[in-house]
Amino acid sequence: SEEQVRESVTRSFGKSLGAAIVIKEFEAEIIRLDDLNVDPAIIKVDAEGFDYDVLAGLDKTIERSRPFIVTEIASQEYDKVKAYLTARNYELLLYDINNDCFAPDVASYGKAVSAMSGHRNFFAVPEEMMSSLPMEKAVI
């Protein structure tokens with residue numbers, strides 16, 4: 001609703017911007033990335049809970065280009081998105097900003113979000129590219 005959008009903008013950017021926002025409804029065509037026939041190196045998905053649907057429109061692009069994918073996974077889609085990426089030989093990683101390295105995804109969504117200090121951005125990396133990334137050092 002318009003009120004929910006206004007509240008969200010106010011929380012993120014302050015009262016003056018929230019009060020000034022004007023919401024207009026319009027229709028737009030949705031085009032799957034696969035239909036554009038491009039070869040991106042990186043894809044960022046932020047679809048407010050519809051990340052799985054966006055990824056489902058990337059099958060050909062993922063197979064052809066093997067891009068890095070950054071996605072903000074909502075909790076209700078976590079298992080489905082993780083299974084989708086695993087089936088395509090992608091590793092789901094977390095990023096540790098303090099140590100400037102990637103870390104393996106953990107078993108549950110809650111633990112992953114906690115490990116990332118509340119952030120929900122996950123990094124999907126083709127298995128064949130894993131050796132090129134700085135990974136956290138294993139503690140023995």
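A residue counts as exposed when its relative accessible area is over 50%, as buried when that area is under 20%, and as partly exposed in between. With that in hand, let me walk you through this structure, which I should say at once is a predicted model.

I will begin with the salt bridges, and side chains of opposite charge can pair when their charged atoms come close. There are four salt bridges in the count, and I will take you through some of them.

In one of them, the side chains of Arg 64 and Asp 39 meet at 2.5 Å, N to O. This pair links distant parts of the chain, since Arg 64 sits in helix α5 while Asp 39 belongs to the loop between α3 and β1, 25 residues apart. Asp 39 has a relative accessible area of 56%, so it is exposed, whereas Arg 64, at 37%, is partly exposed.

Helix α5 also holds Asp 59, and Arg 88 lies in the loop between α6 and β3, so their pairing ties together parts that are 29 residues apart in sequence. Here the distance is 3.0 Å, N to O, and both partners count as partly exposed, Asp 59 at 31% and Arg 88 at 26%.

Next comes Arg 32, whose side chain meets that of Asp 35 in a salt bridge of 2.9 Å, N to O, and which is partly exposed at 38%.

Arg 32 also brings us to the second largest pocket, where its fellow lining residues include Ile 30, Val 54 and Leu 58. That pocket holds about 150 Å³ of space, and its lining divides into six nonpolar residues, one polar and one charged.

How values were computed:
Residues numbered from 1 in each chain as written. Predicted model: local features only at pLDDT ≥ 70, side-chain atom pairs only at ≥ 80, totals over all residues. Heavy atoms only, no water. 1 Å grid on protein atoms, 1.4 Å probe; cavity = no way out; pocket = protein on both sides within 12 Å on 5 of 7 lines; lining within 4 Å. Points joined across faces, edges and corners; volume = space filled by probe spheres on them. Nonpolar A, V, L, I, M, F, W, Y, C, P; charged D, E, K, R; others polar. Buried < 20%, exposed > 50% of the residue type's maximum accessible area, 1.4 Å probe, protein only. Helix = DSSP H or I, 4+ residues; strand = E, 2+ residues; numbered from the N terminus.
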